[in-house]
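Please look over the sequence and the model below before reading on. The briefing that follows takes up an annotated residue, two metal sites, a helix and the division into domains, in that order.

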Amino acid sequence: MEITFLGTSAGLPTKERNTQTTVLNLSPFLNEFWLFDAGEAAQHQILHTKIKLGKLRAIFITHMHGDHVFGLPGILTSRSFQGGENKKLTVYGPPGIRSFIETTLKLTASHLNYPLEIIEVSDAGQYEREGIIIKTLLLCHGVPSYGYRLEFPEQEGRLLQEKLLAEGIAPGPVYRAFKSQDTVEYEGQLYDARLYRAENTPGKVITFFGDTMPVESEIQLALDADVIVHESTYLEGDLTLSHQYHHSHISDVIRLAEQCNVKLTLINHVSNRYHMQDIQAAEALIKEQHPDFNFRIAHDFMTVSLNMI
Ligand SMILES: [Zn+2]
Ligand SMILES: [Zn+2]
């Protein structure tokens with residue numbers, strides 16, 4: 001799996017960075033893309049990637065601020081002409097998302113040629129897609145803003161083929177039985193099949209946060225996550241000022257990641273006042289001051305593979 005950032009600026013776009021748009025490529029777990037927020041020009045950004053709108057099956061909107069939703073109508077309508085025909089799409093979002101979509105489509109006389117499902121999420125909500133549990137919690141941002149915690153199913157341990165061969169059990173249909181059953185009878189002997197499989201590995205946990213200032217619910221969303229994608233509108237400067245605007249400061253993000261035992265923190269939604277060289281300088285300084293903090297500050301078109309995490 002991998003995460004691609006298509007917009008990493010906060011509030012307004014800059015010449016270097018677009019507004020909030022993040023793509024999760026679920027392959028090889030699932031041959032689908034999921035989108036988290038759709039800032040203005042999200043579809044233009046997608047045109048520069050290998051992402052096909054037909055394979056986009058779910059969109060998650062964190063909150064209704066324009067820098068997170070102004071690109072949504074364009075994606076929905078273009079999808080009809082770019083491989084999405086008859087392929088269902090589900091949009092998750094805060095209350096108001098249904099009215100926003102339906103009103104925009106109606107006023108612009110737009111017709112979609114695929115089924116569109118709209119789910120307005122709630123605080124402490126739980127949803128399921130293809131075995132992935134999606135948990136939502138309300139954050140603190142002045143308007144309802146949600147975090148989405150994705151819990152992937154446990155991965156079954158591989159068959160210990162070398163152990164089976166050592167017992168004189170040759171590859172064949174019986175291997176399927178060893179993979180799926182507790183006990184297997186083979187040539188008159190009963191085997192405990194569980195001894196011939198590696199241990200199951202826990203499923204990954206990936207959390208996408210909407211804009212927020214520090215709040216208790218963040219801990220539940222980030223606890224023991226493999227990856228969190230979190231805003232840091234302020235990379236330096238005044239902590240209280242960032243909270244006045246209901247946003248996070250880099251020190252809030254570092255504390256959350258440490259407190260919750262997060263393996264990798266991907267930082268986006270960095271204020272539009274920072275240029276790329278400011279961001280690179282901030283990144284170097286954070287690395288120096290917090291050598292144990294595993295993080296990256298995202299820039300547009302940055303892709304991070306999650307396979308090694
Ligand atoms: Zn924002
Ligand atoms: Zn916002």
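In this predicted model, the residue covered by the "active site" annotation of an unreviewed UniProt entry is Asp67, which has its place in helix 2. Asp67 is also one of the protein donors of the zinc ion (ligand 1), and the points below start from this residue and then move outward to other parts of the chain.

**The annotated residue**

- Asp67 has a relative accessible area of 10%, and because buried means under 20%, this residue counts as buried.
- Apart from neighbours within four places in sequence, the contacts of Asp67 are Ala10, Gly11, Thr19, Gln20, Gly39, Asp211 and His269.
- Two residues of that contact list, Asp211 and His269, appear again among the protein donors of the zinc ion (ligand 1).

**The zinc ion (ligand 1)**

- The zinc ion (ligand 1) has as its protein donors Asp67 (OD), His68 (NE2), Asp211 (OD) and His269 (NE2), at distances of 2.1 to 2.3 Å.
- Along the chain these donor residues follow the spacing D-H-x142-D-x57-H.
- The arrangement of the 4 donor atoms around the zinc ion (ligand 1) is irregular, because the angles they subtend run from 87 to 175°, whereas a tetrahedral site would need all angles to lie between 85 and 135 degrees.
- His68 belongs to helix 2 (residues 66-69), while Asp211 sits in the loop between strand 13 (205-208) and helix 7 (217-222), so this pair ties together parts of the chain that are 143 residues apart in sequence.
- His68 and Asp211 are both buried.

**The zinc ion (ligand 2) and the shared donor**

- Coordination of the zinc ion (ligand 2) comes from His63 (NE2), His65 (ND1), His141 (NE2) and Asp211 (OD), which lie at 2.1 to 2.4 Å.
- Asp211 bridges the zinc ion (ligand 2) and the zinc ion (ligand 1), and the two ions are 3.3 Å apart.
- Around the zinc ion (ligand 2), the 4 donor atoms subtend angles of 89 to 171°, and this arrangement is therefore irregular.
- The donors of the zinc ion (ligand 2) are spaced H-x1-H-x75-H-x69-D in sequence.
- Within this site, His65 in the loop between strand 5 (56-60) and helix 2 is paired with His141 in the loop between strand 9 (132-138) and strand 10 (146-151), which links distant parts of the chain, 76 residues apart.
- His65 counts as partly exposed because its relative accessibility is 30%, whereas His141, with a relative accessible area of 6%, is buried.

**Helix 4 and its surroundings**

- In helix 4 (residues 97-107), the buried residues are Ile97, Ile101 and Leu105.
- When helix 4 is seen down its axis, these buried residues fall within an arc of 50°, so they line one face of the helix.
- The buried residues of helix 4 pack against helix 3 (72-79), strand 6 (89-93) and strand 7 (116-120).
- Lys106 and Leu107, on the other side of helix 4, are exposed.
- Ala109, which follows helix 4, has a positive phi, near 50°.

**Domains**

- The protein chain is divided into domain 1, made up of residues 2-154 + 204-305, and domain 2, made up of residues 161-196.
- The centres of domain 1 and domain 2, taken over C-alpha atoms, are separated by 45 Å.

Notes. Residues are numbered from 1 along each chain as its sequence is written. Chains are lettered from A and ligands numbered from 1 in the order in which they are written. This is a predicted model: local features need pLDDT of at least 70, side-chain atom pairs count only at pLDDT 80 or more; totals for chains, interfaces and linings use all residues. Side-chain values use heavy atoms; hydrogens and water are left out. Donors are N, O and S atoms within 2.8 Å of the metal (3.2 Å for Na, K and Ca); water is not among the atoms, so sites may look incomplete. Four donors count as tetrahedral if all angles lie between 85 and 135 degrees; four count as square planar and six as octahedral if opposite donors are over 155 degrees apart and all others between 65 and 115; anything else is irregular. Helices (H or I, at least four residues) and strands (E, at least two) are DSSP runs, numbered from the N terminus. Buried means under 20% relative accessible area, exposed over 50%, partly exposed in between (1.4 Å probe, protein chains only). The arc is that of the directions from the helix axis to the C-beta atoms. Contact means heavy atoms within 4.5 Å. Domain bounds come from an automatic or database domain assignment. UniProt positions are given in the numbering used here, feature names are shortened, and annotations may be inferred rather than shown by experiment.
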